[in-house]
Amino acid sequence: MGSYAVCADVGSTWTKVVVVDLADGELLASASRRTTVGTDVLHGLDAAVAEATAGLSGAASAPWYVCSSAGGGLRLAVLGYEELVTARAGHQVGLSAGARVVHVGAGRLDGAGLAVLRAARPDVVLLVGGTDGGDAEVLTANAGRLARARFRVPVVVAGNAEAAPAVREVLAGRGVPVTVTGNVLPSIGVLAAGPARAAIREVFLRHVIGGKRLSRGGRFARLVRAATPDAVLTGVESLADQLGGDLLVVDVGGATTDVYSVLVPDERAGGPGRPAAGTLWRARTVEGDLGMRWSAPGVVRAAVAERLLSPGEEGPLAAVAATLAAEPGRLVVDDPERVAERRIAALAAVVAVRRHARGGAAGQPGRDLRDVRLLVGSGGVFRHAGSVAAGAGLLDGVLTDHGGGWALPRSARTVVDLTYVLAAAGLLAGPHPVAAAGLLRRHLLAGGAGCRPVSGGQPGDEPDG
């Protein structure tokens, strides 16, 4: 009898499960079910696990490793000292922690700013400001304002280390759940994401996931080990470590398109011209207006703005996008609509990578992707494209985007995460690194996609995570 692990991603629409042999990372089985957010997410999760483990001796008692983006995932607000430095650094770190950054504020928090913060409905506030030994006034003032406002959202303090103990005292004294961790910007140009990313993850598990009312009782909260984008980034980091070079992942979902990149640090970036907010070499950006269902109209609008459409293409494409947005659970079955869906996916990938590479108004710096050796496509639209070649072909536009205002990868191979292993590898990377490495090597680096398919869905029925 083998030693197995059950890895599950409870998404906003679909719950995906894989069973992995811990000895060598072989993917033994998979299953998917609609996420049962209307009743209890455990109903869909338990059904998918039961199907995936059927017939595998010993798998029914295997440990579960679960990540979740159901219920909107992790909503994070960032409050920083000033917009172009600490607030920008906090924004980058929040994205790397798997959060959806719903608000970024800079400077002293006043009444109007507090109202905007409340309206954003964050699950967690990341409070940053000041380098170590630098300015502490804004960090302390913002902590005081949150404490007096009876704002009981959990706060992660990742600012000036010398001021942090006093900030903790102010918040805890008013009953605000507070976690203090290392400064995201200990000195100008030095971005330290690790401690804050870990603290945000712990707060998500301890305070957030159980409060989303996704399940009755505490079992689901005990099962979840990470927000899904956090698990995926960990899997991407593990893949890059094995690859030994630069890596780019494009994950097209129903509501957002996430882009992950892991770049080998450039020693030249530490010189006088380095960004004041630092450089995150292992990064994630999220495009909330680009997706295959809820955000499909945003893809068409962005493609128009980027001048990516051919004459006469906008109208028909916009009509299909509107239909998909109005019916997020719609299964695309006829050929014209399927062609339009594929075109929307390809456009979402191109626009998202353009923004990731160029940087943008959200405060994200540009990234040099010329040395990317592997481009990975993830998301239901890639996995259900009809063939491996068709799925990979949806990313052709990324590698031929000569008018996009960024330098293309010079020599990149394209693969598709057909068996949905990035999240699973991220979940296993800590407790079972050998299995995680084997899983990635078999199914992405070697191009393999074999498993025992037991999915309850049909090809093309997975519009979102």
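1. In this predicted model, helix α10 (residues 314–326) and helix α11 (residues 335–358) have axes that come within 10 Å and cross at roughly 90 degrees. Because of that crossing, α10 counts as roughly perpendicular to α11.

2. Which residues make the contact between α10 and α11? From α10 come Leu317, Val320, Ala321, Thr323 and Leu324. From α11 come Glu337, Ala340, Arg343, Ile344 and Leu347. By class, this contact has seven nonpolar, one polar and two charged residues.

3. Now the sheet. Five strands form an open sheet, ordered β13-β12-β11-β14-β15. The pairing is mixed. Strands β13 (282–287) and β15 (413–416) are the edges, and each pairs on one side only. Ignoring direction, neighbouring strands of this sheet are turned by 15 degrees against each other on average.

4. One pairing is worth following on the structure. Strand β11 (residues 246–252) runs parallel to strand β14 (residues 372–378), and the two pair over six bridges. To locate the register, take Asp246: the bridge partner of Asp246 in β14 is Val372.

5. Which strands does helix α8 lie across? Helix α8 (residues 228–243) lies across β11, β12 (257–262), β13 and β14. Helix α8 runs at about 35 degrees to β12.

6. Helix α16 (residues 433–445) also packs on the sheet. Helix α16 touches β14 and β15. The direction of α16 makes about 110 degrees with that of β15, which is one of the edge strands.

Definitions and conventions
Residues numbered from 1 in each chain as written. Predicted model: local features only at pLDDT ≥ 70, side-chain atom pairs only at ≥ 80, totals over all residues. Heavy atoms only, no water. Axes fitted to C-alpha atoms, helices over the stretch in contact; angles between N-to-C directions. Helix = DSSP H or I, 4+ residues; strand = E, 2+ residues; numbered from the N terminus. Parallel < 35°, antiparallel > 145°, perpendicular 65-115°, else oblique. Contact = heavy atoms within 4.5 Å. Nonpolar A, V, L, I, M, F, W, Y, C, P; charged D, E, K, R; others polar. Pairing = 2+ DSSP bridges.
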